[in-house]
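Hi,

Here is the structure I promised to pass on. Have a look at it first, and then read my notes underneath.

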Amino acid sequence: MLEQMGKQAKEAAFILVQLSTAQKNHALAVIAEQLETQADRILAENNKDIEAARQNGLSEALIDRLLLTSQRLQGIANDVRHVISLTDPVGKIIDGGTLDSGLKIERVRTPLGVIGVIYEARPNVTIDVASLCLKTGNAVLLRGGKETRHSNQILVEVVQNALQQAGLPKFAVQAISDPNRDLVMQLLKLDRYVDMIIPRGGAGLHELCKQHASIPVIVGGVGVCHTFVEQSADQNKAVLLIDNAKTQRPSTCNTLETLLVQASIAAQFLPKLVAHLAPKKVKYHAASGTALNVLKQAGADVTEVTENQLHAEWGSPDLNVVVVNDINEAIAHIRRYGTQHSECILTASQNLARQFVNQVDAAAVYVNASTRFTDGGQFGLGAEVAVSTQKLHARGPMGLEALTSYKWVCEGDYSIRA
């Protein structure tokens with residue numbers, strides 16, 4: 001089955017690479033329209049996944065990831081239309097010139113080919129990935145989690161029907177619907193047809209792909225994100241920013257997981273934070289000593305944090321709190337526990353901000369801004385296909401250009417090498 005899907009995807013990619021921007025944009029417009037037209041069917045199938053999730057005892061944070069509402073579905077359709085408005089990178093001349101030999105050379109952006117995306121409980125990823133791949137002339141093989149089986153099936157059906165309406169091959173977007181885990185392992189070895197694997201999920205999924213893939217893997221998406229409140233920070237503004245970074249949507253990979261507070265302001269700042277976040281039902285996990293004692297005295301729901309908790313995403317309204325002596329200790333903590341996703345400093349000192357930016361190794365580093373901005377849409381890239389925390393090919397939110405490679409186009413006058 002997978003071999004056949006790979007062949008179909010490769011054939012579709014051959015057709016997609018020849019399309020004009022207008023043809024691709026027309027297909028995207030039909031997809032957006034069909035998402036709206038078929039909204040009732042999509043939401044009905046999604047409701048099946050939600051009911052199954054509740055019966056299986058999934059957490060509210062996971063159910064939130066699964067959930068599609070009319071508003072969210074409209075947002076997804078609007079994201080597709082936004083991709084239409086973005087500049088098509090395919091065919092763009094990156095650089096070039098004429099050599100002493102008279103040979104004219106240019107580096108020209110081209111699609112990657114066939115992309116395999118393995119993701120967990122986020123049905124919106126199905127459309128985000130399909131739209132970005134289509135815009136960049138890539139075919140895609142999707143493998144969603146069993147929790148989103150009904151949602152993904154109907155979304156891919158809608159997309160394939162839209163592609164056919166637009167005169168394009170429906171196999172440009174395919175989904176592996178069988179929940180058999182062996183199929184994931186087979187996909188990771190399908191290097192004859194698939195050019196890149198993008199996992200979107202927890203640390204376990206990324207590790208599985210790294211260990212078993214014979215195809216290049218984009219690593220990322222696991223966000224143990226930190227915010228360091230330095231003693232010169234505006235504390236009232238810091239409280240609002242932390243609220244946004246932690247509670248706006250706790251299930252995302254750019255959510256704040258560990259708050260680092262300078263010791264000199266901990267006794268003053270932490271009670272303010274507890275009072276402000278009280279309506280949000282935040283649970284605290286604090287390092288023993290100052291952090292734990294101050295939070296207890298402030299009436300917080302707090303327990304002592306464990307080593308494993310400092311290394312992991314919560315995906316819920318839980319917040320680790322660690323008190324550090326200075327910026328050097330904060331950076332050392334981030335180097336030990338961070339996942340190179342998104343890190344933030346709140347400070348009034350330009351020198352300390354510069355030190356933090358220079359010394360913290362992450363895909364996105366923030367000065368006085370919420371880590372929640374690490375997102376393709378917020379960065380002006382359109383719907384993102386992933387957030388890469390590695391350093392080769394792409395880093396940070398991956399938009400259109402990250403789904404392209406390039407070829408050298410060389411033109412001569414029957415030129416020969418001397």
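Which exposed residues sit on the face of α5 turned away from its buried side? They are Ser70, Gln71 and Ser85. Before the rest, one caveat: this is a predicted model, so please read everything below in that light.

Staying with α5, the buried residues of this helix are Leu73, Ile76, Ala77, Val80 and Val83. Looking down the axis of α5, you'll find those buried residues within an arc of 105°, so they line one face of the helix. Their packing partners are α2, α3 and α6. The length of α5 works out too: 16 residues at 1.5 Å a residue should span 22 Å, and the end C-alpha atoms are 23 Å apart, which agrees.

Helix α2 is one of those partners. It covers residues 21–37, and its 17 residues reach 24 Å from the first C-alpha to the last, close to the 24 Å expected. The list of buried residues in α2 runs to Lys24, Asn25, Ala27, Leu28, Val30, Ile31, Ala32, Gln34 and Leu35. These pack against α3 (39–55), α5, α6 and α7 (149–165).

Now the pockets. The largest one has a volume of about 1,100 Å³. It is lined by 43 residues, and those nearest its centre are Arg122, Asn124, Arg249, Thr252 and Asp375. What is the make-up of that lining by class? There are 13 nonpolar, 18 polar and 12 charged residues. At least two lining residues come from each of α5 (70–85), α6 (124–135), β6 (196–200) and β14 (386–388). Our helix α5 turns up again here, giving the most to the lining with 6 residues.

The second largest pocket holds about 270 Å³ of space. It has 14 lining residues, with Glu120, Arg143, Gly145, Arg181 and Val184 closest to its centre. Strand β3 (114–119) and helix α9 (203–212) each supply at least two residues of that lining, and the largest share, 3 residues, is from α9. By class, the lining splits into 6 nonpolar, 3 polar and 5 charged.

A few single residues are also worth finding on your screen. Ser342 is in strand β12 (residues 342–346). Is Ser342 buried or exposed? With 0% relative accessibility, Ser342 counts as buried. Leaving aside residues up to four places away in sequence, Ser342 touches Cys225, His226, Ala362, Ala364, Tyr366, Thr371 and Thr374. Val282 is 60 residues from Ser342 along the chain, and the C-alpha atoms of the two are separated by 21 Å.

Then there are two backbone angles to look at. Gln340, in the loop between α14 (327–337) and β12, has a positive phi of about 60° although it is not a glycine. Its relative accessibility is 29%, so Gln340 counts as partly exposed. Tyr414 is another residue other than glycine with a positive phi, near 55°. You'll find Tyr414 in the segment after β16 (404–411), and Tyr414 is exposed, with a relative accessible area of 80%.

Shout if anything here is unclear.

Cheers

Methods
Residues are numbered from 1 along each chain as its sequence is written. This is a predicted model: local features need pLDDT of at least 70, side-chain atom pairs count only at pLDDT 80 or more; totals for chains, interfaces and linings use all residues. Side-chain values use heavy atoms; hydrogens and water are left out. On a 1 Å grid over the protein atoms alone, a cavity is a set of points where a 1.4 Å probe fits but cannot get out, and a pocket is an open set with protein on both sides within 12 Å along at least five of seven lines; lining residues have an atom within 4 Å of a point. Grid points are joined across faces, edges and corners, and a volume is the space filled by probe spheres set on the points. Helices (H or I, at least four residues) and strands (E, at least two) are DSSP runs, numbered from the N terminus. Ala, Val, Leu, Ile, Met, Phe, Trp, Tyr, Cys and Pro count as nonpolar, Asp, Glu, Lys and Arg as charged, and the others, Gly among them, as polar. The expected span of a helix is 1.5 Å times one less than its number of residues. Buried means under 20% relative accessible area, exposed over 50%, partly exposed in between (1.4 Å probe, protein chains only). Contact means heavy atoms within 4.5 Å. The arc is that of the directions from the helix axis to the C-beta atoms.
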